[in-house]
Amino acid sequence: GEKFVLRVETDSKNQTGTAIKLPLDEGLRIVGVYRRNMAAITRLWRYFDNVVIPALANGGGLTVGPCVIEHNAILLPSGLRLHYENLHKDENNQWKYTYAGLPQWLYGGKLLENIVQALDRILVMGAALRMRQRIPYNLALNAHDENVYVVRDEDVDVVKKALHEEMVRRPSWALDLPIMAEVKLGKNYAEAK
């Protein structure tokens, strides 16, 4: 609840210029509602806390979806790895690792988010690579889960169709993964939002 209240205040200030300050009891209530309504997600967080992170710290030997848990690393289906150097429990029994020379906390929800973002990156950049074979335009911008192209008006329909096909193409490592995508148009990036 405390983290949620702080996040709302920080994000509202950064995005709107006005900080929204929720009472702690309201933050706790909202978090409770989310966790009750999304029980499968909270169970997955606990599985990552109790099974995946210990396996990551103690030598791996576990597969989670298309990812292989190794000692201090997660092998992604692309062959790249997410590294968690010096993963250990600290004096407060919290998981910590070293990133860029600095200690970082690790918990189930954070590790799951890291994996999901890494898999998303593989999907989105895979689509961009396939688009290079299909259209005569280069990728102009990649932002999170977006691939942006600058296209002549007469080519918009062809590129739009190809882009949608590639963005929803299932990878060989997740043939049953439901993937959705939208293709938006605009005379500039802001207009396409």
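Okay, let's start on the surface: Y34, M38 and I41 make a nonpolar patch of about 240 Å². A patch here takes residues with over 30% relative accessible area and no salt bridge, joining like charges within 9 Å and nonpolar side chains (Val, Leu, Ile, Met, Phe, Trp, Tyr) within 5 Å. The areas come from the Shrake-Rupley method with a 1.4 Å probe, and for residues only the protein chains shown count as cover.

Before I go on, a quick word on what you're looking at. This is a predicted model, where local features need pLDDT of at least 70 and side-chain atom pairs count only at pLDDT 80 or more, while totals for chains, interfaces and linings use all residues. Residues are numbered from 1 along each chain as its sequence is written, and side-chain values use heavy atoms, with hydrogens and water left out.

Back to the patch. M38 sits in the loop between α2 (24–37) and α3 (39–57); helices are DSSP runs (H or I, at least four residues), numbered from the N terminus. So is M38 buried or exposed? Neither, quite: its relative accessibility is 36%, so M38 counts as partly exposed. For the cut-offs, buried is under 20% relative accessible area, exposed is over 50%, and partly exposed is in between (1.4 Å probe, protein chains only).

Now follow α3 along. In general, you describe two packed helices by the angle between their axes and the distance between the axes. For α3 and helix α4 (residues 108–134), the axes come within 8 Å and cross at roughly 80°. That makes α3 roughly perpendicular to α4. The axes are lines fitted to C-alpha atoms, for helices over the stretch in contact, with angles from 0 to 180 degrees between N-to-C directions; roughly perpendicular covers 65 to 115 degrees. On the α3 side the contact (heavy atoms within 4.5 Å) includes W45, F48 and D49, and on the α4 side G108, G109 and L111 are among the residues involved.

Next, charges. How many salt bridges are there? The count comes to 12, taking a side-chain nitrogen of Lys or Arg within 4 Å of a carboxyl oxygen of Asp or Glu. I'll pick out three.

First up, E9 with K21, where the closest N and O atoms are 3.9 Å apart. This pair links distant parts of the chain, with E9 in helix α1 (residues 2–16) and K21 in the loop between α1 and α2, 12 residues apart. E9 is partly exposed at 26%, while K21 is exposed at 62%.

Then there's R29 with E26, at 2.9 Å between the closest N and O atoms. Both lie in helix α2, three residues apart, about one turn of the helix.

And my last pick is E166 with R134, at 2.8 Å, N to O. E166 is in helix α5 (residues 156–167) and R134 in helix α4, so this pair ties together parts that are 32 residues apart in sequence. E166 is buried at 3% relative accessibility, whereas R134 is partly exposed at 38%. Which residues share a salt-bridge network with this pair? R130, K161, E165 and R169 are linked with R134 and E166.

Staying with R134, leaving out residues up to four places away in sequence, R134 touches A162, E165, E166 and R169. Its C-alpha is also 9.8 Å from that of V158, 24 residues apart in sequence.

Terms used: Helices (H or I, at least four residues) and strands (E, at least two) are DSSP runs, numbered from the N terminus. Angles under 35 degrees count as roughly parallel, over 145 as roughly antiparallel, 65 to 115 as roughly perpendicular and the rest as oblique.
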